[in-house]
Amino acid sequence: MKHNIILIGFMGSGKSSVGAVLARKLSYKFCDSDRLIEDSSGLTISQIFERYGEEHFRDMETQLLQDMLDNMDYTVLSTGGGMPLREQNRQLLRQLGYVVYLKASKETTIRRLKGDKSRPLLKAENFEERVDKLLAARTPLYEKAANKIIVTDDKTINQIVADIIREWSAIIKRRVK
Ligand code: S3P
């Protein structure tokens, strides 16, 4: 039995902030898939998109999940917003652990991401339209990949962390019985 919690969700949904606090509270390790890819390639996510394109980045994400299958335990993993797009990745995520989707409304997402310069997929003439389109296409995939959906709009990081810990403790108890 693996003791991993995987956070998925759209850009700006709070995966990294929630993940770091969650890991600290559980005394688990914390990993962020974007940071791992940047560290291993020596390039930023934007540079990878510019030099090699999105598909190459998606291959790197799939490879990362495959590599983690054998050696990840007692870890909270925050994932890039596009990680659950591939069916193969959705399966790998489920194999790796308990998958929690941090869901934010379109309005919250737009408010949080406005002015962001670091995310290649948001470099669009009409930013709100881009977010709207991506959200519409991705929401069903996030829902499909998730064991648990948490709506985050009106919650603080600590409240979200407490929700996840409550669910996780119940799962661990059931597994031990
Ligand atoms: C992406 C989200 C980003 C990063 C890359 C692509 C996406 O991660 O992986 O820019 O496709 O949604 P965050 O969700 O951490 O911003």
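This is a short conversation about the ligand site and the empty spaces in a predicted model.

Colleague: What should I keep in mind about this model?

Modeller: It is predicted, so local features need pLDDT of at least 70 and side-chain atom pairs count only at pLDDT 80 or more, while totals for chains, interfaces and linings use all residues. Residues are numbered from 1 along each chain as its sequence is written, and side-chain values use heavy atoms, with hydrogens and water left out.

Colleague: Which residues come nearest to the ligand, and what makes a residue "near"?

Modeller: A residue is near if one of its heavy atoms lies within 4 Å of the molecule. There are 13 residues around the ligand, and K15, D34, R58, R119 and R138 come nearest. By class, this shell has 5 nonpolar, 3 polar and 5 charged residues. Here Ala, Val, Leu, Ile, Met, Phe, Trp, Tyr, Cys and Pro count as nonpolar, Asp, Glu, Lys and Arg as charged, and the others, Gly among them, as polar.

Colleague: Why is the pair between D34 and the ligand called a polar contact?

Modeller: The term asks for a pair of N or O atoms within 3.5 Å. In D34, a side-chain N or O atom is 2.8 Å from an oxygen atom of the ligand, so the pair qualifies. R119 has a polar side-chain atom 2.6 Å from a ligand oxygen, so it qualifies too. For R138 the distance from a polar side-chain atom to a ligand oxygen is 2.6 Å. The protein covers 94% of the 390 Å² of accessible area that the ligand has on its own, by the Shrake-Rupley method with a 1.4 Å probe.

Colleague: How do you know that the ligand takes up a pocket?

Modeller: On a 1 Å grid over the protein atoms alone, a pocket is an open set of points with protein on both sides within 12 Å along at least five of seven lines. A molecule sits there if more than half of its atoms lie within 2 Å of the grid points. The ligand's space is the largest pocket, with about 440 Å³ of space. Its lining has 28 residues, and M11, D34, G80, G81 and R119 are the closest to its centre.

Colleague: What makes the other space a cavity rather than a pocket?

Modeller: In a cavity, a 1.4 Å probe fits but cannot get out, and lining residues have an atom within 4 Å of a point. The structure holds 1 cavity of 30 Å³ or more. The largest cavity has about 40 Å³ of space, and its lining includes F10, Y101 and L135.

Key: A polar contact is a pair of N or O atoms within 3.5 Å; within protein, one must be able to donate a hydrogen and the other to accept it, and residues adjacent in sequence count only if both atoms are side-chain atoms. Grid points are joined across faces, edges and corners, and a volume is the space filled by probe spheres set on the points.
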